[in-house]
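Subject: Structure handover

Hi,

Here is the structure I said I would pass on. Please open it alongside this email.

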Amino acid sequence: WHVGDRVVISPAYVDHEEPATHADAMMGVEQKAWGFETNFGGLAHYTVVRASQLLPKPPHLTWEEAASVLLCASTSYRMLVSDRGARMKQGDVVLIWGATGGLGANAVQMVLAGGGVPVGVVSSDEKAEALRGLGCEVVINRVEIGMGSNSAATGGAIEAGKRLGRIIRKEVGEDPHIVFDYVGKATFGTSVFVVRKGGVVVTCGSSSGYHHEFDNRYLWMNLKRIIGSHGANLQEQWECNRLVHLGKLMPVLSSVFPMDAAGEATRLVQQNQHIGKVGVLCMAPATGLGVTAPELRDRVGEQRLNLLRQKDKLLTVR
């Protein structure tokens, strides 16, 4: 790397001299989430990273688009595509909770690109419309299955799973091979129940609570698996970033705030009032800067690059 290189930053902060890191960086004892488990992060004019965190910036993206991609996209890549995750294959039906969130919206794209069938679950009509804009044809509002918010399902997880299963079978003719779950407590019992015999529930988080409850009979007697996934190792990040460079994976940025409104942006995410990713400008003085491959950008298309962009929510830098 050289001074002046245009880069994006991986959130995986690992010790490359720690032996386990060489097998899989995410297994390293010293592995941390940069900006969360370190005392420095991205909401600043200057920051500190290790050389192993740097990847080349996709030249057709603006600064804010490029900055919004790698964390959630690489996490979704490991969960779905990597041999350390669900190992999705063509034709797999994949149930995606929170399908318009940063993780979910990337997962929808990866399932479609990989020849799978995404089934997206969202919490509002607005998010359902946005999800269809991503290309997901099977869209389910949580209200339909008695799960209107991040709370326990009406009648319990099994009853919600029965309602959900009926809808999925009606739409695609079979139960899901994979369930993509980062919501946690409110959905996990339903995820274990609804995934098909021999299927996989892959989880990377618990936004609604860490203490999961599920009926273990449906897990062991039906040979299902639960896979824990966290971040992405360097190879997975490079493979994911390559998809962005090729124009196969699009940013899911919805709105952008100036840095002095970072609190407002964070609050939007905390209250689940956002879709996709929320950006904060730091060194970039305005949106739309940083593109060095305009011909590729034209070939990919502005509309595809702004699948979730809500222009009315874009704030002007003060």
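Below is what I found, from the overall fold down to single residues.

Please keep in mind that this is a predicted model.

Overall fold
The protein has 318 residues, and 51% of them are buried. It holds 12 helices and 12 strands. The C-alpha trace spans about 55 × 50 × 35 Å along its principal axes. The radius of gyration is 19 Å; a compact globule with 318 residues would come out near 20 Å, so the two agree. Take the contacts between residues at least 6 apart in sequence: 66% of them join residues at least 24 apart. The exposed surface is about 15400 Å², with 53% supplied by carbon and sulfur atoms.

Helix H4
Look next at H4, residues 102-113. Its 12 residues reach 17 Å from the first C-alpha to the last, close to the expected 16 Å. Is this helix enclosed or open? It is largely enclosed by the rest of the structure, because 10 of its 12 residues are buried. The buried ones include Leu 103, Val 108, Met 110 and Val 111. Gly 102 and Gly 104 are buried too, as are Asn 106 and Gln 109. After H4 comes Gly 115, with a positive phi near 80°.

Thr 100
Thr 100 sits in the loop between strand S5 (93-97) and H4. Its relative accessibility is 4%, so Thr 100 counts as buried. What does Thr 100 touch, leaving aside neighbours within four places in sequence? Its contacts are Ala 105, Val 122, Lys 127, Ala 130, Leu 131, Ile 275, Gly 276 and Leu 308.

Aromatic rings
The count is four aromatic pairs. One of them is Phe 193 with Tyr 218, an edge-to-face pair. The centres are 4.9 Å apart and the planes meet at 80°. Phe 193 lies in helix H7 (residues 188-194) and Tyr 218 in helix H8 (residues 217-220), so the pair ties together parts 25 residues apart in sequence. Phe 193 has a relative accessible area of 19% and is buried. Tyr 218, at 25% relative accessibility, counts as partly exposed. The cut-off for buried is under 20%.

Charges over rings
Two spots to check here. The charged end of Arg 50 sits over the ring of Tyr 13, 4.0 Å from the ring centre. The charged end of Lys 57 sits over the ring of Trp 63, 5.2 Å from the centre.

Best wishes

Note on methods:
Residues numbered from 1 in each chain as written. Predicted model: local features only at pLDDT ≥ 70, side-chain atom pairs only at ≥ 80, totals over all residues. Heavy atoms only, no water. Helix = DSSP H or I, 4+ residues; strand = E, 2+ residues; numbered from the N terminus. Expected span 1.5 Å × (residues − 1). Buried < 20%, exposed > 50% of the residue type's maximum accessible area, 1.4 Å probe, protein only. Contact = heavy atoms within 4.5 Å. Phe/Tyr/Trp six-rings, centres within 6.5 Å; stacked < 30°, edge-to-face > 60°. Lys NZ or Arg CZ within 6 Å of the ring centre and 35° of its normal. Rg over C-alpha atoms; globule rule 2.2 N^0.38 Å. Areas by Shrake-Rupley, 256 points an atom, 1.4 Å probe, with all protein chains shown as cover.
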